[in-house]
Amino acid sequence: MFDFQSPIPTLSPGASSFPHHRATLRLSEKFILLLILSAFITLCFGAFFFLPDSSKHKRFDLGLEDVLIPHIESGKEGRHGGEQSLRDKIRADHERALQEAKQKLRKSKKALLHEIQTEKARVAQELKKKDVPRSLPPVPMPKLVGVNDGDPGEPDVKEKRDKIREMMKHAWDSYRQYGWGHNELKPIAKKGHSTNIFGNSQMGATIVDALDTLYIMGLHDEFKDGQEWIEQNLDFSVNAEVSVFEVNIRFIGGLLAAYYLSGQEVFKAKAVQLAEKLLPAFNTPTGIPWAMVNLKSGVGRNWGWASAGSSILAEFGTLHMEFVHLTYLTGNPAYYQKVMHIRKLLAKMDRPNGLYPNYLNPRTGRWGQHHTSVGGLGDSFYEYLLKAWLMSDRTDAEARKTYDDAIEAIERHLIRKSNGGLTFIGEWKNGHLERKMGHLTCFAGGMFALGADGSPGDKAGHYLQLGAEIAHTCHESYDRTVLKLGPEAFKFDSGLEAVAVRQNEKYYILRPEVIETYWYMWRFTHDPKYRQWGWEAAQAIDKYCRVGGGFSGVKDVYSSNPTYDDVQQSFFLAETLKYLYLLFSSDELLPLESWVFNTEAHPLPVLRRICGSSPANEQAVRL
């Protein structure tokens, strides 16, 4: 204990004041420690006397309590016995803490400082251990076919493919020179760029997003540069709040695809490291994840603009492909269980007119605003239902049935034909159909074609035709502009068809969805018009979006002298250029029987049942 009568040395004039300073410091430190000890004792006694009666707190019931809330015996005897046990535990903890505090206070300042430094070093070491990837179990590699070459044979088609490859090289080299390590590139300002979906960190989004495109194009030196940066610099233990959806489709999807294509273990290890950082986003009352999560703290939240604090259908519904592969590669069933929980929750919910609203509150499990879209906010949810079935080697019948039911409702309520004969997909808002279609919605043409085989009844031909009609409509949205590039959204009323009306819908930001549909339609029909339309788009991009420092979006596709937005999006390298390259390649390159593309165009192999795999792996393979 302290001796408050300890003399303080007196100093003669001119003597150094350092001894006096040390003695005063020692006294003040002891005083502060006593205050802390007093506060701790008060807290312990407060907890003992004022601890609330747990029986007064009611549990909410979402029909998920067995999963979400541990079972507690609530009988009368059990409750009183539990309270007594809790009081005894608090007394024991209090006595132990008091003894530890007394022992600490007997130590010298030097010993205390040494103890603090030792503890800091131990904590730092533990944090380092957490960031070291665990060794992953060996799993059978799915059969991989068509990972390179894809020579189209015809010289004129090969020439077009070589041009797309040159565009990719220009985009990559510019990023390499002016934005290396940043998430994206400002090609006119010639510097790095980022948005709030990546938080405030430089995570090299363009590098990760572009890896598989570089690989299939045979740009192996560039691929190695990207791999080296990832090995040395990609760090997920940063204090950054990121979009769960975006980092899943771009980073986890990109890293998994790079792993499967190249066999380099670093990509798998990094994908698993990041996935573990995303899991806290699922810590909500319903298991529907938050839109954003802090990679360091694990704290999640939703976008402020989303309906009444809701999560977004296209975000929490676009995790299945990547998470199933994570379970397959790691043997950890948690990833598979998270996405299957989402599916089962949605299956229990009522759907207005059979449609899925875009907003769902993760706290209450109730729908938000009744707004349904096959474009932004909804799009990839439907895509992943179909692709879950395809990725399971067509064994996930539940996913296929859910997809078919959803598409039937979309056809009934959202798909219409304009006065001019153009088939479009509108948006359902509170019981009213808005006759507007977004560029993002244009992916659906490819989705309908991809899902045609396996449709219920005799509808395969119908859905292939529907895909062709959507492709035609989206091509018209390009063809009716000055630049021959499509606007962000276009209307079908007041005599205007497939044309943007508002100024803030006239921009083109290097989006891939229309070209994506051209590629799927080419694969399923080999109609030469799809290659022709794709080449028109490639030429327009090269003419109007190419600048000295890369490629930039444009603000008005109806202006002959457009201004640039000065952003080279990472998805331009991941999707737009990849789909163009595949359009002018043979079908042997990444055949659709063996590969399924995630919504960021990252190819993941079909998981066929493999004898001898672990139960967790087999569960993932079989879904």
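Reader: What makes strand 14 (residues 489-493) count as mostly covered?

Author: Four of the five residues in strand 14 are buried; buried means under 20% relative accessible area, exposed means over 50%, and partly exposed lies in between (1.4 Å probe, protein chains only). A strand is a DSSP run of E with at least two residues, while a helix is a run of H or I with at least four, both numbered from the N terminus. Bear in mind that this is a predicted model, where local features need pLDDT of at least 70 and side-chain atom pairs count only at pLDDT 80 or more, while totals for chains, interfaces and linings use all residues. Residues are numbered from 1 along each chain as its sequence is written, and side-chain values use heavy atoms, with hydrogens and water left out.

Reader: How do you know that strand 13 and strand 14 are joined, and in what sense do they run?

Author: Two strands pair if DSSP finds at least two bridges between them. Strand 13 and strand 14 share three bridges, so they pass that test, and they run antiparallel. Lys 436 belongs to strand 13 (residues 436-438), and its opposite number in strand 14 is Lys 491.

Reader: What makes strand 14 and strand 15 a pair?

Author: Three bridges again, in the antiparallel sense, with strand 15 covering residues 496-499. You can follow the register in the structure: Phe 492 faces Glu 497 across the pair, and Asp 493 stands opposite Leu 496. The two strands make a hairpin with two residues between them, and in that turn Ser 494 has a positive phi of about 55°.

Reader: What is the order of the strands in the open sheet?

Author: The order is 13-14-15, with antiparallel pairing throughout the three strands. Strand 13 and strand 15 each have a single partner strand, so they stand at the edges and one side of each has no neighbour in the sheet. From one strand to the next the twist averages 20°, taken between N-to-C directions of axes fitted to C-alpha atoms, on a scale from 0 to 180 degrees.

Reader: Why does Lys 436 count as buried?

Author: Its relative accessibility is 13%, which is below the cut-off given above, so Lys 436 counts as buried. Contact means heavy atoms within 4.5 Å. Setting aside neighbours within four places in sequence, Lys 436 is in contact with residues that include Ile 425, Ala 489, Phe 490 and Glu 505.

Reader: How do you know that the side chains of Lys 436 and Glu 505 are joined by a polar contact?

Author: The value is 3.1 Å. A polar contact is a pair of N or O atoms within 3.5 Å; within protein, one must be able to donate a hydrogen and the other to accept it, and residues adjacent in sequence count only if both atoms are side-chain atoms. The Lys 436 and Glu 505 pair therefore fits the distance limit.

Reader: Why is Thr 599 called buried?

Author: A relative accessible area of 17% puts Thr 599 under the limit, so the label is buried. Thr 599 sits in the loop between strand 18 (595-597) and strand 19 (603-605). The side chain of Thr 599 makes a polar contact of 2.8 Å with the side chain of Glu 383. Away from its neighbours within four places in sequence, Thr 599 also has contacts that include Phe 245, Ile 249 and Tyr 384.

Reader: Which UniProt annotation covers Thr 599?

Author: The unreviewed UniProt entry marks Thr 599 as "binding site"; such annotations may be inferred rather than shown by experiment.

Reader: Why is Trp 389 called buried?

Author: Trp 389 has a relative accessible area of 7%, so it is buried. Trp 389 lies in helix 13 (residues 379-391), and its C-alpha is 5.7 Å from that of Arg 400, 11 residues apart along the chain.

Reader: What makes helix 11 (residues 320-330) mostly covered?

Author: In helix 11, 11 of its 11 residues are buried, including His 320, Phe 323 and Tyr 328. Just after helix 11, Gly 331 takes a positive phi of about 80°.

Reader: How many helices and strands does the chain come to?

Author: The chain has 20 helices and 19 strands, and buried residues make up 53% of its 623 residues.
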